[in-house]
Amino acid sequence: MEILSSLRISETTLATLVLVLLFSIPTQAQEYILSKQKSTQHALSVSQIGKASKMINPYDSILEFLNSSSFPNQTSFSHDFLFGTGTSALQIEGGLHEGGRGLGLYLDAAKFPSKIEHYKRYKEDVQHLNKLGINSYRMSISWSRVLPDGTLKGGINQEGINFYNNLINELLENGIEPFVGIMHADYPLALNQKLGGFSNRSIVKHYKDYSELLFKTYGDRVKHWITVNEIEVTSLFTFMLSRDPLSTDQACQNTKICTQVYTVFHNLLISHATTSELYRTKFQTIQRGEIGLSLSSGRYVPYSSKSEDVVAAQRLMDFYWGWVLDPIFHGDYPKIMKKIVGNRLPKFTEKEKHMLKGSTNFIGVNYYTSHFARHEPNRTNVMFDNYDALAVSEVFNAEGKTLGYKDQYSMDYVYPEGLYNVLIYIKKKYNNPKIYITENGITSTKIPNPLKDEHRTAYIAAHINATKAAIDDGVNVQGYFVWSAFDTFEFQMGYSAHWGLYHIDFNDSLKRIPTDAAKWYTKYLTCDLGH
């Protein structure tokens with residue numbers, strides 16, 4: 001089977017991955033694979049899954065499979081495995097002008113100043129989380145809410161401190177472990193106005209001060225910290241692809257030869273390492289927690305068998321994953337980045353290299369889908385990837401094939417095998433670190449009734465299955481978080497994407513309504529699927 005040619009996996013793993021593979025290959029090949037599963041350990045026969053020729057939509061066989069005894073149930077994971085869901089402060093809290101909060105960086109978020117009123121309704125929301133049956137909740141703290149101007153000198157906002165104290169306590173009282181982000185997309189506008197934000201190295205001190213305040217205030221109860229969410233995406237989309245007005249790099253916009261993006265990323269990474277060192281040397285022994293960071297991840301598959309496309313796929317991996325993970329595990333940026341970017345790429349001092357290596361107790365993986373990678377020697381033709389990578393991500397390969405199937409309700413391509421491959425890649429390249437899947441989910445942008453989200457049930461189940469396959473192959477995955485708990489504000493899209501396990505009815509006092517996927521997730525977590 002061509003799709004398996006790049007994977008060195010056992011027959012047992014192949015059987016475990018059958019569900020993943022079923023949605024990752026052309027329909028005409030599905031029946032062949034199903035027929036081959038009869039002799040494997042899991043005995044996934046055609047009768048158990050359903051013949052491909054009779055499939056009405058891509059969800060049919062997975063929905064049948066997840067109700068079978070072959071689907072990995074919750075108890076097949078370790079007893080301390082974290083099953084959760086997540087949101088971020090900026091995307092649900094609201095109260096942008098309440099409780100002493102300072103202005104944040106993303107002023108467009110003010111179009112929906114109340115968001116879903118989580119700031120006022122957090123107790124109600126925790127009860128909804130409790131009903132889901134999760135044992136962990138990924139949340140973030142708004143820097144602007146606890147330090148309105150971003151600095152200790154500017155003063156601590158006690159109302160903000162109290163809010164997060166109350167939220168954390170409420171979660172713990174309901175048996176839910178907080179998994180807390182220190183910075184998720186937003187930070188105080190004042191720091192951008194006074195310093196130029198993360199373009200200025202002096203912001204590292206303020207980030208460290210802010211983090212230390214959080215450790216001192218909440219660290220007795222919070223045992224999982226994420227320093228920064230998706231620093232590569234934050235840097236790239238804001239300072240290279242010019243999706244926000246913060247970029248001042250005119251040359252980048254005119255010639256696609258960019259510098260500021262690398263400076264911003266560098267300072268974010270140093271902020272992570274500085275804060276991690278602070279936590280590990282001053283707080284970790286006493287508080288017995290852990291600290292890491294999360295990155296956006298997708299597998300890049302060569303666009304064709306040409307050597308230039310094979311190399312381009314690895315180059316994109318290095319320019320996305322390696323950009324973050326190589327310094328953390330090896331102390332420096334990938335060689336290919338240093339070669340192509342040259343003196344536009346900042347250099348680490350020997351002290352910084354030492355501080356970076358081993359600066360994370362875990363890696364948070366945010367996975368949604370994967371792409372093909374095509375070599376593109378002309379940077380002016382690169383539109384949505386790092387221009388310096390000289391490669392572009394594609395939905396279709398040279399033969400017109402896709403990775404996975406196109407979901408009719410999100411219009412995204414679903415490729416759970418990509419998650420398996422991501423996890424295996426990290427295991428092999430970075431010596432099998434602890435991993436949490438910190439985001440995994442799908443939108444309901446095109447769905448007539450957002451409560452009838454069987455496509456999300458299928459998506460979550462397929463990716464839980466892929467996660468278990470990776471664990472069975474030795475990957476150190478310790479948690480899985482669905483994105484998101486509630487419908488979240490998604491910047492340009494507003495609330496139209498319907499990400500939430502709980503749908504928010506904006507026509508009925510922001511009522512929280514569990515979707516069908518939420519009900520399935522609850523049954524899964526409470527071992528009530530009937531098998």
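**Exercises on helix packing and the strand barrel**

The crossing of α12 and α14 is right-handed, meaning that the near helix is turned clockwise from the far one by less than a right angle. The model is predicted, so local features require pLDDT of at least 70 and side-chain atom pairs pLDDT 80 or more, whereas totals for chains, interfaces and linings use all residues. Residues are numbered from 1 along each chain as its sequence is written, and side-chain values use heavy atoms, with hydrogens and water left out. Helices (H or I, at least four residues) and strands (E, at least two) are DSSP runs, numbered from the N terminus.

**Exercise 1.** Determine how α12 and α14 are oriented towards each other, and which residues meet.

*Solution.* Step 1: helix α12 comprises residues 231–239, and α14 comprises residues 260–287. Step 2: their axes lie 9 Å apart at an angle of about 155°; axes are lines fitted to C-alpha atoms, for helices over the stretch in contact, and angles run from 0 to 180 degrees between N-to-C directions. Step 3: the two helices are therefore roughly antiparallel, a label given to angles over 145 degrees. Step 4: from α12, residues I231, E232, S235, L236 and F239 meet Q260, V261, V264, F265, L268 and L269 of α14; contact means heavy atoms within 4.5 Å. Step 5: this contact has eight nonpolar, two polar and one charged residues, where Ala, Val, Leu, Ile, Met, Phe, Trp, Tyr, Cys and Pro count as nonpolar, Asp, Glu, Lys and Arg as charged, and the others, Gly among them, as polar.

**Exercise 2.** Is Q284 buried or exposed, and which residues does it contact?

*Solution.* Step 1: Q284 belongs to α14. Step 2: its relative accessible area is 18%, so Q284 is buried (under 20%; exposed is over 50%, and partly exposed is in between, with a 1.4 Å probe and protein chains only). Step 3: beyond neighbours within four places in sequence, Q284 contacts Y279, G289, E290, I291 and N361.

**Exercise 3.** Trace the strand order of the barrel and place β4 within it.

*Solution.* Step 1: eight strands form a closed barrel in the order β1-β2-β3-β4-β5-β7-β12-β13, with parallel pairing; two strands pair if DSSP finds at least two bridges between them. Step 2: on average, neighbouring strands of this sheet are turned by 30° against each other, direction ignored. Step 3: four bridges join β3 to β4, where G181 stands opposite I226. Step 4: on the other pairing, β4 and β5 share four bridges, and W225 has I291 of β5 as its bridge partner. Step 5: β4 is largely enclosed by the rest of the structure, because six of its six residues are buried. Step 6: helix α11 (residues 203–218) lies across β3, β4 and β5, running at about 160° to β3.

**Exercise 4.** Where do E230 and A185 lie, and what is the sign of phi at each?

*Solution.* Step 1: E230 is placed in the loop between β4 and α12. Step 2: its phi is positive, about 50°, although E230 is not a glycine. Step 3: with a relative accessible area of 13%, E230 is buried. Step 4: A185, in the loop between β3 and α10, is likewise not a glycine and has a positive phi of about 75°.

Methods
Parallel < 35°, antiparallel > 145°, perpendicular 65-115°, else oblique.
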